[in-house]
Amino acid sequence: METNRKQGKWYRYLKAIWYYKSSHMWCSFASAILLSVILLFFVTMWYMKDRYYKNLAETTYSTEQALLESVELNIVTQMEMYINYGSQISVDEDLMENIVEIVGEDGVLNALERKRLRDTLSRAIKVSNTIVGIALVSENSVLRQYDRMGMSIAAARDIWSETNENDLWQAFWEVQGMVHSKDVPRYVILTNPKCHPNDPNKGLIHIAYPLKNKYDSADMQYMIVLSFDSTPMYKLLKQLNPNQEKYIHAYVEDEDGEILMQMDEERQSGNKTQELSLTIGDYTWTIHVVIDKEILQEKVNEMYIQMVFLVILSILLIMLLLLFVTNKILKPVKILSSFITSVKDGNTSGQIQIEGTNEIWQLAQEYNEMIQAISQASAQVEEEHQLAIESMRMQQRAEREALESQINAHFICNTLNVINYEAIDSGNDKVSLLLKKLSNILRYTFDQKHQEVYIFQEISWIEQYLYLQKERMDGIFDYEIIFDADYDNWPCRKLMLQPFVENSILHGFESRDCSGRISIKGEGYKEFLKISIEDNGCGMDRQRDSMIQDILQNPLHAKDKEVGIGISNVITRMRMYYGEKFQVSMTTEQGKGTCFVFLLPMPPSVYFMEKQADKEYRANKSKLLAASPEGLGEVK
């Protein structure tokens, strides 16, 4: 009996739910939306999951391949820097003389001699902070070693001790063999100990060199071993996984398969891995990148699990939102139904309170209008008429205020033209010319629609800019523009030459009061247009020259150096516009001037220029040349 009652209870619940669904419109909408979302999600998940994994794997592989080559090159560069430091120390004649004087022939050192030898070694490694320690080794003993870290640690342990001195003797005989056989290069790289005995977190790389004896190393008596901090190379290795992804592991091993350094603690790789490797220069080291596809797949699965959770949450939110919206939409239907029932009972005085503007509320409004008298309808029409008149008044006022606020660049330029006419009428041709050039400069600068222009327009603007600057600075400089007219229609970016011209004026002639000169030349070489901007100003010192040269090669360095921001911005624009074939160079000499040279190829976007009619091009050129009575200087 109890079971039957429970079954009957559930049957009533299900029947009530089915009745509620059948009698409410929103349930049908919700069911359709829910099924559509679920179907779309599973189709998308089934199709895109595998595609996304493959794309992520391919992208990761290609990215790591590029990073691997870059890191290998940087490690080689870092090692060459270490080797150069050691070579510089090993051929230091003063160092050798001091060592011979201190050690003597017997090789026995007292306390004072040991202190002097330690001071000599400490001075020798001041060439670089990356040198952690130095050891002076003879044929059968370590004469003295100096450790930067050991000076600040009580009871510090030496880098070279009885546990690893066999590596030193083996290195000594290898270096001596190189010296006698005159092999090049003359150094031996030691990888043990891998870390500092006083700091396990500080990695080390050791390089042994023969110490030059007088004029050559043939009679080798001593060997020096420099211990370098491997942290810079460890940082380079971490570039292979900048986002610290768990499925990427990188390490460096020597020719014996011993791991020299690794990005982090070695992980247990699954059965599905993909490995990239590259030999590091001539050092018999190999850098490896292991991509664990199983972890990569787990990451994709984890992402899709999160997506499933978000979809379920979204469906619930959609259902709640749909319930709220449909109830709100159907609210006027319920109200209208109750008023219709009231009308059936003879009550025609009631008015529905309108709460919205959708179609159903419009139906309720029509019900009110039907109940209301014709006089009320007339009054409503009059009210709507007044609202329409007020709306027109507001629209007219808005249009008038918009017209009154249209003071822009055209107004400024037109005002300058009016002043120009006044100057002409008063016979002041000089002011007229200055106003005309200023107006042309403003129109050219304010025109936001045309950022890609022809080179003759840019040169014409530069000529007028130079003219105004010359007048403003009381003629402390002169200028010439020599341009090949056959290349007038070469595409360029607006105002791309202005920062270099401005640099010549502001920095080149800052200490002059006369005799300055700026020369701008344009020569065509079929596929290239060569433009040079040269001044005879004060030039640049070596430090600034080096910084500007670096910025020309990589404009991003301007942020670090906090100089040449304007030049870096325009170089970036020119490279983006002209592509990889674009070239720029600079020569400067302090006290004699600076010269920038640009090789401009035909940009990839040249086709937009070809869409302009030749007639428009000639008309624009004629107007620009007419605006500048003195033309473009000397034009070939």
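Is Lys194 buried, partly exposed or exposed, and at what relative accessibility? With a relative accessibility of 29%, Lys194 counts as partly exposed, because the buried class ends under 20% and the exposed class begins over 50%. The structure discussed here is a predicted model, and the points below take up its salt bridges, an open sheet, a helix and a surface patch.

**Salt bridges**

- A search of the whole structure finds eight salt bridges, among them the pair formed by Glu258 and Lys194, whose closest N and O atoms are 3.2 Å apart.
- This pair links distant parts of the chain, since Glu258 belongs to the loop between β7 (248-253) and β8 (259-262), while Lys194 belongs to the loop between β3 (188-190) and β4 (195-196), 64 residues apart.
- Glu258, with a relative accessibility of 30%, counts as partly exposed, and Lys194 likewise counts as partly exposed at 29%.
- Lys202 forms a salt bridge with Asp229, the closest N and O atoms being 3.3 Å apart, and this pair also links distant parts of the chain, with Lys202 in strand β5 (residues 199-210) and Asp229 in strand β6 (residues 223-229), 27 residues apart.
- Both Lys202 and Asp229 are buried.
- Within helix α4 (residues 111-124), Lys115 and Asp119 lie four residues apart, which is about one turn of the helix, and they form a salt bridge whose closest N and O atoms are 3.1 Å apart.
- Lys115 counts as partly exposed at 45% relative accessibility, Asp119 is partly exposed with a relative accessible area of 21%, and these two residues are linked with Arg118 in a network of salt bridges.

**The five-stranded sheet**

- An open sheet is formed by five strands in the order β12-β14-β15-β17-β16, with mixed pairing.
- Its edge strands are β12 (477-483) and β16 (583-589), each of which pairs on one side only, and the twist from one strand to the next averages 10 degrees.
- Strand β14 (residues 516-525) pairs with β15 in the antiparallel sense over eight bridges, and Tyr525 stands opposite Phe528 in β15.
- The hairpin made by β14 and β15 has two residues between its strands, and Lys526 in the turn has a positive phi of about 55 degrees.
- Strand β15 (residues 528-535) is also joined by eight bridges to strand β17 (residues 593-601), and these two strands run antiparallel.
- Along this pairing, Leu529 has Leu600 of β17 as its bridge partner, while Lys530 stands opposite Leu599 in β17.
- In a regular strand, side chains alternate between the two faces of the sheet.

**Helix α12**

- Helix α12 (residues 455-472) has 18 residues, which at 1.5 Å a residue should span 26 Å, and the distance of 25 Å between its end C-alpha atoms agrees with that expectation.
- Because 15 of the 18 residues of α12 are buried, the helix is largely enclosed by the rest of the structure.
- Asp474, which follows α12, has a positive phi, near 60 degrees.

**A nonpolar surface patch**

- Phe309, Leu310, Leu313, Leu317 and Leu320 form a nonpolar patch on the surface, and together they have about 520 Å² of accessible area.
- Leu310, one of the residues in this patch, is found in helix α7 (residues 293-344) and counts as partly exposed at 48% relative accessibility.

Terms used: Residues are numbered from 1 along each chain as its sequence is written. This is a predicted model: local features need pLDDT of at least 70, side-chain atom pairs count only at pLDDT 80 or more; totals for chains, interfaces and linings use all residues. Side-chain values use heavy atoms; hydrogens and water are left out. The expected span of a helix is 1.5 Å times one less than its number of residues. Buried means under 20% relative accessible area, exposed over 50%, partly exposed in between (1.4 Å probe, protein chains only). Patches are made of residues with over 30% relative accessible area and no salt bridge: like charges are joined within 9 Å, nonpolar side chains (Val, Leu, Ile, Met, Phe, Trp, Tyr) within 5 Å. Accessible areas come from the Shrake-Rupley method with a 1.4 Å probe; for residues, only the protein chains shown count as cover. A salt bridge is a side-chain nitrogen of Lys or Arg within 4 Å of a carboxyl oxygen of Asp or Glu. Two strands pair if DSSP finds at least two bridges between them. Axes are lines fitted to C-alpha atoms, for helices over the stretch in contact, and angles run from 0 to 180 degrees between N-to-C directions.
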